[in-house]
Amino acid sequence: MSIFCVLQYGNFVDNLRLYVRGGGGGMGLPRLGGQGGNGGDVWVVATKNMTLKRIKDKYPQKRFVGGAGANSSVRALKGERGKDKEILAPVGITVTTDDGKILGDLNTEGDRLMVVKGGHGGSYHSAFEPSKGQTKNLRLDLKLIADLGLVGFPNAGKSSLLAAMSNATPQIANYAFTTLKPEIGKLMYKDYKQISVADLPGLIEGAHINKGMGHKFLKHVERTKQLLFVVDVCGFQLANKTPFRSAFEAVQLLTKELELYKEELVSKPALLVVNKMDLPDAADKLAELKDQLQNPDEFSDLLPDDMIPKNYMTFRHVVPVSASTGFGVDTLKSCIRESLDEDAAMATKAIHQDRLQALRYHSHKNVTTETAASMQNCPWK
Ligand SMILES: Nc1nc2c(ncn2[C@@H]2O[C@H](COP(=O)(O)OP(=O)(O)OP(=O)(O)O)[C@@H](O)[C@H]2O)c(=O)[nH]1
Ligand SMILES: [Mg+2]
C-alpha cells in the first residue's frame, strides 16, 4: 500500500490475510527402518493486548511456517518432531480460509486453533519418504459489532441522533449515562443497503483508566469499522465541579481518551457530527469550531498538556445536524454511506494487490528453486 493510502485511510487493521504452512516431515532411514520426525503444526492463539496491526508490523511477509521434522539418523533413529508455530492473535477473531470456509472463532484469552498440520516423517509406510506440511491462505477477521460506533461525551445527543437516523429506539434523557450498553440501529438506504450503527455509552475524561463506562466503552469502539464523533455545538459540562468544555475541546479530549487506550484507534476513519444546531448562536459556534479544527495546534493551548493528543483526528466529513429537528440528518446519512463505500472499495483493491504479490512471491520462488535444480544437473558446474 502506498504512503498516500496509509495516510488517507489510517492504519487501523480489522482483517488480515496470512499464508501458513505446516513443517515438512523428516526423511526416514530405509537401511535401519528409521522414522523421520513429523513436521510442526501452525496454531493461532488468542492473546491479551494483541492487535492485527501488531502482527502485520512484526511479520510484513505474513508467512508462518511450522518447524521441519528432523531426519532419521544412525544416532537418532526416530527423528525429532518439528516445532509448532504459534501466531499470537487478538481475542475476538474469526479465522477463515481465503475461500470463505470458517475454521473457528477465538473468543477467550488462551483459545487455540490448529490451522495447518505438519507433514509426516518418512517411515516404512511411505517408503521412508516424508510428506510436506499442509498450506493455507487464511484470513483473520476482528469480530465487529457494527459498521459505525458513536463516540461522544454524555448528553451530546448520540442516542437522539441514532433515533433520528434509524429504526432504533434508544434511551434518551437529559442526564448523563443514559445509555449503558450498545444498542444497534440500522440505517436504511433507498437501494436496500443497510449500515449498522452502535450507540455507545458516553465517554468521560479518564475513561482509559476505566473511569465511567471506561474500558467497556472503549472495547466496543475497537469493534466498529468507522467512528462517528458526536459533540454538542455549545460544548458541555459534565458536573458542577468539572470544567466547561467547548466543542473543540470535546473533540480533542475524546481523541486523547482513545489514544491513551490504544493509539491505533485514532487512525480509524472518522466523521464528526456537530449536534444541537437548533440552539441559539449555534451557527457562530460551528464557524468557530471549524476554524479551530483547521489549526488545532494553535487552539490546543487551552487544554492541559496531558490532554493534547499526539495526533489530531482527521475527519472525512464535518456535518452539522439537529437530532431534534432533523436538520442535516439526510446529509449525514449520505456522508456515512460515502465513507463506508470508499473503504469497501479500498479493501477490495488491497485484497487484489495482496493476491498479486503472493503470486509473484511464489512464482519467483519456483523459478529460483527450478534454476537451482537445473544448475545441479549442469555438467559444467
Ligand atoms: N436542543 C437539542 N437538544 C438535543 C438534541 N439532541 C439531543 N438533545 C437533548 O440532549 C439530551 C441528551 O440526549 P441523548 O440523546 O440522551 O444523549 P446521549 O449522547 O445519548 O447521552 P448518554 O447516553 O448519556 O451518553 C436530551 O435531553 C435530548 O433531548 C438536539 O439536536 N437539540
Ligand atoms: Mg445515549
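Where is the place of Ala127 in the chain? Keep that in mind for a moment. The answer is the loop between strand 7 (112-116) and strand 8 (135-142). Before going further, a caution: this is a predicted model.

Back to Ala127. Its phi is positive, about 55°, although Ala127 is not a glycine. Is the residue buried or exposed? Ala127 is exposed, because just 9 other C-beta atoms lie within 10 Å, and the cut-off for exposed is 12 or fewer.

There is a second residue of this kind. Lys62 has phi near 55°, again a positive value in a residue other than glycine. Lys62 is in the loop between helix 2 (52-58) and strand 3 (63-65). Here the count is 19 other C-beta atoms within 10 Å, so Lys62 is partly exposed. Buried would take 20 or more.

Now the whole chain. The protein chain has 381 residues, and 39% of them count as buried. Its secondary structure comes to eight helices and 14 strands. What about contacts along the chain? Take those with a separation of 6 or more: 71% of them join residues 24 or more positions apart.

Next, the sheets. One open sheet has six strands, in the order 10-11-9-12-13-14. Its pairing is mixed. Which strands stand at the edges? They are strand 10 (183-188) and strand 14 (315-320). Each has a single partner strand, so one side of each is left without a neighbour in the sheet. From one strand to the next, the twist averages 25°.

Look inside that sheet at strand 9 and strand 11. They pair in the parallel sense, over two bridges. Leu148 has Val197, in strand 11, as its bridge partner.

Helices lie across these strands. Take helix 3 to begin with. Helix 3 lies across strand 9, strand 10, strand 11, strand 12 and strand 13. Against strand 11, helix 3 runs at about 160°. How many of the eight residues of helix 3 (residues 158-165) are buried? Seven are, so-called mostly covered. The buried ones are Lys158, Ser159, Ser160, Leu161, Leu162, Ala164 and Met165.

Then helix 5. Helix 5 lies across strand 9, strand 12 and strand 13. Its angle to strand 12 is about 150°.

That brings us to the nonpolar cores. The largest one has 51 residues. Which of its residues touch the most other members? They are Val151, Leu228, Phe229, Val230, Val251 and Val273. Several elements each supply at least two residues of this core, including strand 9 (146-151), helix 3, strand 12 (224-232), strand 13 (270-275) and helix 8 (329-376). Helix 5 gives the largest share, eight residues.

Let me zoom in on Val151. Set aside its neighbours within four places in sequence. Val151 is then in contact with Leu200, Leu203, Val221, Leu227, Leu228, Phe229, Val230 and Leu254. Apart from the largest core lies another core, of 20 residues. Among them are Val20, Val44, Ile55 and Val116.

Now a second open sheet. Three strands form it, in the order 4-2-7, and the pairing is mixed. Strand 4 (85-89) and strand 7 stand at the edges. Why does each have a free side? Each has a single partner strand, so one side is left without a neighbour in the sheet. Neighbouring strands here are turned by 25° against each other on average, direction ignored.

How do strand 2 (residues 42-46) and strand 7 run? They run antiparallel, joined by four bridges. Val45 stands opposite Arg112, in strand 7.

One last stop: Gly104. Gly104 is in strand 6 (residues 102-106). With 15 C-beta neighbours inside 10 Å, Gly104 counts as partly exposed. Gly104 touches Val95 and Leu113, not counting residues up to four places away in sequence. The C-alpha atoms of Gly104 and Met114 are separated by 9.4 Å, and the two residues are ten apart along the chain.

To recap: the chain holds a six-strand open sheet and a three-strand open sheet. The largest nonpolar core takes its biggest share from helix 5. And Ala127, where we began, sits exposed in the loop between strand 7 and strand 8.

Conventions: Residues are numbered from 1 along each chain as its sequence is written. Chains are lettered from A and ligands numbered from 1 in the order in which they are written. This is a predicted model: local features need pLDDT of at least 70, side-chain atom pairs count only at pLDDT 80 or more; totals for chains, interfaces and linings use all residues. Two residues are in contact if their C-beta atoms, placed from the backbone, lie within 7 Å. A nonpolar core is a set of buried Ala, Val, Leu, Ile, Met, Phe, Trp, Tyr and Cys residues joined through C-beta atoms within 7 Å. Two strands pair if DSSP finds at least two bridges between them. Axes are lines fitted to C-alpha atoms, for helices over the stretch in contact, and angles run from 0 to 180 degrees between N-to-C directions.
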